[in-house]
Amino acid sequence: PSIFNGITYTPPDAIFELTKKYNADQNAPKVNLGQGTYKDENGNPWILPAVQAAKEKIKDSNHEYLPILGLVSFRTLATELVFGASAAAVREKRVSSCQALSGTGALHVAGKMLYKALGSDATVYITNPSWSNHRQIFESIGFHVEEYTYSSHETNGVDMSSLLKTLNEAAPKSIFVLHASAHNPSGWDPSPEEWKIIGKIMKERQLFPIFDAAYLGITSGDYAKDAVAIRYFAEELALEVAVCLSFAKSMGERVGLCAFVSQSTTAAEAVESTLSQLIRVEISNPPAFGARIVVAVLEDETIAAEWGRNLIAMSSRIAEMRLQLYKELDHREY
Ligand code: PLP
């Protein structure tokens, strides 16, 4: 008998299946609303001019192994990008980080790290609805995952009463996966004022936030504005947080950062050494190409400014398309 008899068939991932069907569909015009990646007016991926310029700059770089935690300049620049270069946590060396395989890889490493810190007793709370991978990422690590109603058509936006009730009832040290901006799939985010209320309760009740930051920069076109919740929690509230950053949408490169803010430099050093061990076991060291692209964009004032314009171009076209789609659907009969 096969040793795989106990392995049952796992149905394909719904989002990737939809993309497969979309690619195979010959009926134009067609729109893929499944995968959150930017497309131009012809439905093709857009290689950002900033990324094009960065590629030109790094074309002679080697592909040697990076350190276990990734390219140091990438970690530094990405950390400063998210938290702000003058943030207290950055200045006081309380941020531990590692390069990750895009947002998904960052979430997995963050989960592993928190499992080491808190063990299986901690519950992970995710939003309902949410990105379909959240539950299985944290369950695969060994956590118990709970959902709460995040948005509804009755509230026509974020269901704050459900969110606040869940925060108030969760056991201390519970983990909340929060979408830093552009909540997937609802598109509804708390306002800066609502983030303040959420953060205050999380601090009082000792809850731990993981910011899933897949869409920073392309939500509003302004990176710092999209990072408002992360910065408020880390800076104003001086909370310990995790940030799982992706450049897959904002630069089209599958590279990410897993960052933890701790209360002390000593704790941050311990967290970083643990991240190092987790990465060594999982992938030994990450691929260099995407990280070099991000560095080439961020370290060069001219290319960084171009990237800023590219972010505005993407976010404003997305907003226009959403509005057009809404209007079209609104006039349809179902
Ligand atoms: N988190 C959310 C909310 C997402 O929508 C996605 C991707 O679609 C990810 C994380 C994963 O990011 P990445 O594609 O960089 O792995």
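## A walk through the sheet and its ligand shell

Let us start with one pair of residues: H179 stands opposite D212 in β7. Residues are numbered from 1 along each chain as its sequence is written. Please keep in mind that this is a predicted model, where local features need pLDDT of at least 70 and side-chain atom pairs count only at pLDDT 80 or more, while totals for chains, interfaces and linings use all residues.

**The strands around this pair**

Strand β6 (residues 175–179) runs parallel to strand β7 (residues 208–213), and the two pair over 5 bridges. Helices (H or I, at least four residues) and strands (E, at least two) are DSSP runs, numbered from the N terminus. Two strands pair if DSSP finds at least two bridges between them. I175 stands opposite F208 in β7, and I175 is also the bridge partner of V124. Strand β2 (residues 123–128) pairs with β6 in the parallel sense over 2 bridges.

How much of β6 is buried? 5 of the 5 residues of β6 are buried, so this strand is largely enclosed by the rest of the structure. Here, buried means that 20 or more other C-beta atoms lie within 10 Å of the residue's own; exposed means 12 or fewer, and partly exposed is in between, with C-beta atoms placed from the backbone. In a regular strand the side chains alternate between the two faces of the sheet. Both faces of β6 are covered, with I175, V177 and H179 buried on one side and F176 and L178 buried on the other. In β7, 5 of the 6 residues are buried, so β7 too is largely enclosed by the rest of the structure.

These strands belong to an open sheet of 7 strands with mixed pairing, in the order β1-β9-β8-β7-β6-β2-β3. Its edge strands, β1 (95–100) and β3 (144–149), each pair on one side only.

**The ligand and helix α5**

H179 and D212 both appear among the residues around the ligand, which also include W131, N184 and S246. A residue is near a molecule or strand if its C-beta atom, placed from the backbone, lies within 6 Å of it. By class, the shell has 3 nonpolar, 8 polar and 1 charged residues. Nonpolar covers Ala, Val, Leu, Ile, Met, Phe, Trp, Tyr, Cys and Pro; charged covers Asp, Glu, Lys and Arg; the others, Gly among them, are polar. Which helix gives the most to this shell? Helix α5 (residues 102–118) does, with 3 residues.

In its contact with α6, α5 uses T104, L107, H108, G111, K112 and Y115, which meet N133, I137, F138 and I141. Two residues are in contact if their C-beta atoms, placed from the backbone, lie within 7 Å. The residues of this contact divide into 5 nonpolar, 4 polar and 1 charged.

**Some backbone details**

Most residues other than glycine have a negative phi, and most peptide bonds are trans. The table lists places that depart from this pattern.

| Place | Feature | Value |
|---|---|---|
| N128 to P129 | cis peptide bond | omega about 5° |
| N184 to P185 | cis peptide bond | omega near 15° |
| N156 | positive phi | phi near 50° |
| A238 | positive phi | phi near 50° |

P129 is found in the loop between β2 and α6, and P185 in the loop between β6 and α8 (192–204). N156 is exposed, with 9 other C-beta atoms within 10 Å, whereas A238 counts as partly exposed, with 14 C-beta neighbours inside 10 Å.
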